[in-house]
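Q: Could we go through this structure together? I would like to start with the basics and then move to specific contacts.

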Amino acid sequence: MKVVVAGGGVIGLSVAWQAARHGHEVVLADPDPGRGTSWAGAGMLAPVAEAYFGEEAITAFGMAASHRWESWADELRADAGSDPGYTRKGTLVIARDHDELAALVPLHEMQLAQQLRAERVSAREARRIEPALAPAICGGLWLADDHQVDNRLYVRALIDACGRAGVSFVHERAATCAPTHVTLDGGIDMAADAVVVATGTWQPVIEAGGEQIDLYLRPVKGQIIRVRSTNRAVFPTRTVRSGPIYVVPRDHGELAIGATAEERGFDTTVTAGAARELLTKSWELLPGLAEAELVEVMAGLRPGTPDNAPMIGRLPGGPILAMGHFRHGILFSPATAAAVVAMIDGGEVPEVVAPFTPERFAGATTARRQAKART
Ligand SMILES: Cc1cc2nc3c(=O)[nH]c(=O)nc-3n(C[C@H](O)[C@H](O)[C@H](O)COP(=O)(O)OP(=O)(O)OC[C@H]3O[C@@H](n4cnc5c(N)ncnc54)[C@H](O)[C@@H]3O)c2cc1C
């Protein structure tokens with residue numbers, strides 16, 4: 001079958017690679033593959049640390065993806081001929097004071113109720129696991145199943161694997177995505193047996209059931225800092241989180257410090273205030289970071305839906321959507337790719353994807369389109 005994928009972030013690239021592996025003829029359209037939100041991310045594969053009350057379906061999907069990651073990384077390394085930077089070192093969630101420690105109690109109970117592996121640790125135990133932690137911390141949780149991938153190495157490996165698997169790249173925006181064709185910005189029309197829309201926060205015109213659909217997607221800005229080790233800096237050896245702040249070390253001596261969550265539309269300005277906040281909070285947690293070399297501050301736009309869960313599937317008479325992966329696109333990518341390729345092949349779609357049908361927003365989508373038409 002001929003498959004056209006619009007959008008080449010971790011989601012579109014994963015789908016394209018897997019579809020090509022399943023014997024399909026795949027074209028991927030993106031003016032700049034891999035340089036969207038996937039380039040900005042931190043690369044945490046953290047379904048346990050990010051298990052929130054009322055988001056059990058998201059956690060279950062995240063765990064399914066997490067279980068797939070080790071073999072996914074092995075297959076990608078073999079197909080791409082390069083290392084995607086997947087490391088299994090667990091994650092520490094740290095409380096800096098007694099209030100934060102008390103706030104971890106219900107979180108821990110909820111994690112255990114969902115059969116997730118999470119262990120309370122004292123300040124001493126936390127520092128034994130991660131000696132770079134500040135002496136003043138109060139304790140925390142040890143999450144042995146939350147790992148990480150270097151998202152930039154991952155994106156590069158996916159591009160290489162796609163190329164080797166025969167995926168054709170078209171460096172142009174998709175203007176319109178219909179169920180059996182994609183029209184590019186320049187006017188070229190590409191016919192397909194299946195069309196997959198994976199354009200992250202951005203939306204081409206999407207046609208479903210003969211109508212133009214306006215999806216509820218909102219960009220949630222995340223500012224993130226990258227620093228590099230120097231011979232005076234003391235880096236942690238695994239991911240450390242505390243409240244909204246996280247510190248993710250890479251094997252090659254870089255470290256990501258994230259992230260803000262700001263509802264500001266399509267704004268990617270980096271601000272002094274956010275950089276100050278991220279640096280101060282991470283330094284309080286890991287004082288050895290003070291001597292690191294500052295490399296980059298950037299902002300990415302997480303693709304958010306009204307319920308913060310992804311949209312994976314078809315609207316009636318529409319293309320396949322693989323959008324709205326919000327905080328977890330890197331984690332979810334193997335599971336989303338498997339589900340989308342099953343949809344293309346007409347195979348059995350895993351049960352764990354069922355809650356993410358785009359049809360759950362069908363009423364809201366129509367209302368939004370009508371409201372826009374009135375203005
Ligand atoms: C600061 C920050 C930290 C994060 N940390 C993590 C983390 O630790 N773990 C995790 O799992 N997730 C994390 N995320 C979220 C994750 O990065 C996203 O969920 C993920 O990158 C979404 O991937 P995507 O492929 O859907 O979108 P993108 O990576 O944005 O890709 C979309 C692509 O579509 C292209 N495009 C847009 N419009 C068109 C068009 N009309 N036609 C063709 N192509 C088009 C763009 O050029 C882009 O390449 C983080 C995000 C941010 C901002």
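The exchange below covers the domains, the ligand shell and one helix pair.

Q: What kind of model is this, and how are residues numbered?
A: This is a predicted model, where local features need pLDDT of at least 70, side-chain atom pairs count only at pLDDT 80 or more, and totals for chains, interfaces and linings use all residues. Residues are numbered from 1 along each chain as its sequence is written.

Q: Into which domains is the protein divided?
A: Domain 1 spans 2-73 + 151-216 + 306-374, and domain 2 spans 87-148 + 218-303; the bounds come from an automatic or database domain assignment. Their C-alpha centres lie 28 Å apart. The contact takes 23 residues from domain 1 and 30 residues from domain 2, with contact meaning C-beta atoms, placed from the backbone, within 7 Å.

Q: Turning to the ligand, which residues come nearest?
A: Gly-9, Gly-36, Gly-200, Gly-222 and Gly-329 come nearest, of the 43 residues around the ligand. A residue counts as near if its C-beta atom, placed from the backbone, lies within 6 Å.

Q: Which domains does the shell draw on?
A: Domain 1 and domain 2 each provide at least three residues of the shell around the ligand.

Q: And how do α1 and α6 cross?
A: The axes (lines fitted to C-alpha atoms over the stretch in contact, with angles from 0 to 180 degrees between N-to-C directions) of helix α1 (residues 10-21) and helix α6 (residues 151-164) come within 9 Å and cross at roughly 30°. Helices here are DSSP runs (H or I, at least four residues), numbered from the N terminus. The two are therefore roughly parallel to each other, a term for angles under 35 degrees.

Notes
Angles under 35 degrees count as roughly parallel, over 145 as roughly antiparallel, 65 to 115 as roughly perpendicular and the rest as oblique. Two residues are in contact if their C-beta atoms, placed from the backbone, lie within 7 Å.
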